[in-house]
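Student: Please take a close look at the open space in this model. I would like the residues and elements around it, and then whatever else in the fold touches those elements.

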Amino acid sequence: MATFRAFWVERGDKGFARSIISRDVDDLPAGDLLIEVRYSSLNYKDAMSATGRPGVTRNYPHTPGIDAAGTVLESSVDTFSPGDAVIAMGFDLGMNTPGGFGQRIRIPAGWAIPLPAGLTLEQAMILGTAGFTAALSVEKLESAGMTPAGGPVLVTGATGGVGSVAVMVLSQRGYTVHAVTGKSSQHGFLREIGAAVVVGREAALAGADRPLLRETWGGVVDTVGGDILFNAVKSLRYGASLAACGLVASPAFSATVLPFILRHVNLLGIDSVELPIEHKIALWQKLGGDWRIDGLDALKQPLRLAELSPAIDRILAGEMVGRGVLQLDD
């Protein structure tokens, strides 16, 4: 019986315990594809799953990891063959289905995305769900009319996974990016990856008690939620849009209808989990082609299984910068 190493989260009397164990491939759930995972990435949702936060994982013990990139070992469908390089992300992977923090996963074929020709497996996981979400936010904003000529674009939570990739995507597409962070030590990092201006968190929160703020932004990618989100809505230029894709600050904010009925602005929701697989494949093709990001290694924080648990604590504490990329080779 084949075995593999996996990160393991168990519920106990004193909370949730994390370890690295050896698992049998036969213990994985049924599925069309057995995949050897070469790389995964650490996302905020993975940290929530690893600590038992409500709304992510129902049943334990469990292996998190909402992202995986690797090679097909076994396939029961004609659309994939052994040896194919694939990405798996979203749907139930790493939530209630064993995820990418193990060296093997078994999934439905409808969750798998062929690796684009312009990306390596490692580059795909530097992006991962966070990078995909950033690109999806930009794509939706541009579909709503955002252009570089429409004014500067604000990115909140800019040192995080989604925010840092959003800064890079936008700057390489010709936008003037203003990046919000509460980390004064990371201003240089943000400028290196493409931010023209760095905005402090306190400045982004100023005026939360006012119904409208000065028209400033031609678009916004918001990764944090809370009053920073609606301050940005109140600062959109006439007809511009904000893409909301995160809630690390808060899922709630104080709001009025005034920006919407006086400035004709839009609040756009972003979901990468249940997005149809056809859309996922098309956007990954963009990320490997016309939207391919130069200098992705600047975001990479390399991890091994033994380093994963402290990295989970760092991301929950807001101390992770860029993208934690997990290499699963022995």
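**The pockets and their walls**

Tutor: Helix 6 makes the greatest contribution to the lining of the largest pocket, namely 4 residues. The model is predicted, with local features requiring pLDDT of at least 70 and side-chain atom pairs pLDDT 80 or more, while totals for chains, interfaces and linings take in all residues. Numbering starts from 1 along each chain as its sequence is written, and side-chain values rest on heavy atoms, with hydrogens and water left out.

Helices (H or I, at least four residues) and strands (E, at least two) are DSSP runs counted from the N terminus. A pocket is an open set of points on a 1 Å grid over the protein atoms alone, with protein on both sides within 12 Å along at least five of seven lines; a cavity is a set where a 1.4 Å probe fits but cannot get out, and a lining residue has an atom within 4 Å of a point. Volume is the space filled by probe spheres on points joined across faces, edges and corners.

The largest pocket has a volume of about 1300 Å³. Its lining comprises 50 residues, and Y44, T223, G246, L247 and V248 are the ones that lie nearest the centre. Helix 6 (226-234) is joined there by helix 1 (44-50), helix 2 (121-143), helix 3 (161-172), strand 9 (177-181) and helix 9 (305-316), each of these elements giving at least two residues to the wall. By class, the wall of this pocket holds 24 nonpolar, 19 polar and 7 charged residues; Ala, Val, Leu, Ile, Met, Phe, Trp, Tyr, Cys and Pro count as nonpolar, Asp, Glu, Lys and Arg as charged, and the others, Gly among them, as polar.

Helix 6 also serves the second largest pocket, where it again gives the largest share of the lining, here 3 residues. That pocket encloses about 270 Å³. Of the 14 residues around it, A203, A204, T216, W217 and S235 lie nearest its centre. Helix 5 (201-205) and helix 6 are the elements that supply two or more of these residues. The wall of the second largest pocket splits into 10 nonpolar, 3 polar and 1 charged residue.

Closed space comes next. The count is 1 cavity of 30 Å³ or more, and the largest cavity has a volume of about 40 Å³. K45, I66, G90, F91, M95, T129, S272 and V273 line the largest cavity, and these divide into 4 nonpolar, 3 polar and 1 charged. F91, one of the lining residues, sits in the loop between strand 5 (85-89) and strand 6 (104-107). F91 is not a glycine, yet its phi is positive, about 50°. Most residues other than glycine have a negative phi, and most peptide bonds are trans. Y60 and P61 are joined by a cis peptide bond, with omega about 5°. P61 belongs to the loop between helix 1 and strand 4 (67-75).

Helix 9, one of the elements of the largest pocket's wall, also takes part in a salt bridge. In that bridge the side chains of D313 and R18 meet at 3.0 Å, N to O. D313 is in helix 9 and R18 in strand 2, so the pair, 295 residues apart, links distant parts of the chain. Across the whole structure there are 7 salt bridges, each a side-chain nitrogen of Lys or Arg within 4 Å of a carboxyl oxygen of Asp or Glu.

Strand 2 (residues 15-24) runs antiparallel to strand 1 (residues 3-12), with 10 bridges between them; strands count as paired if DSSP finds at least two. A hairpin of 2 residues connects strand 1 to strand 2, and T3 has D24 in strand 2 as its bridge partner.
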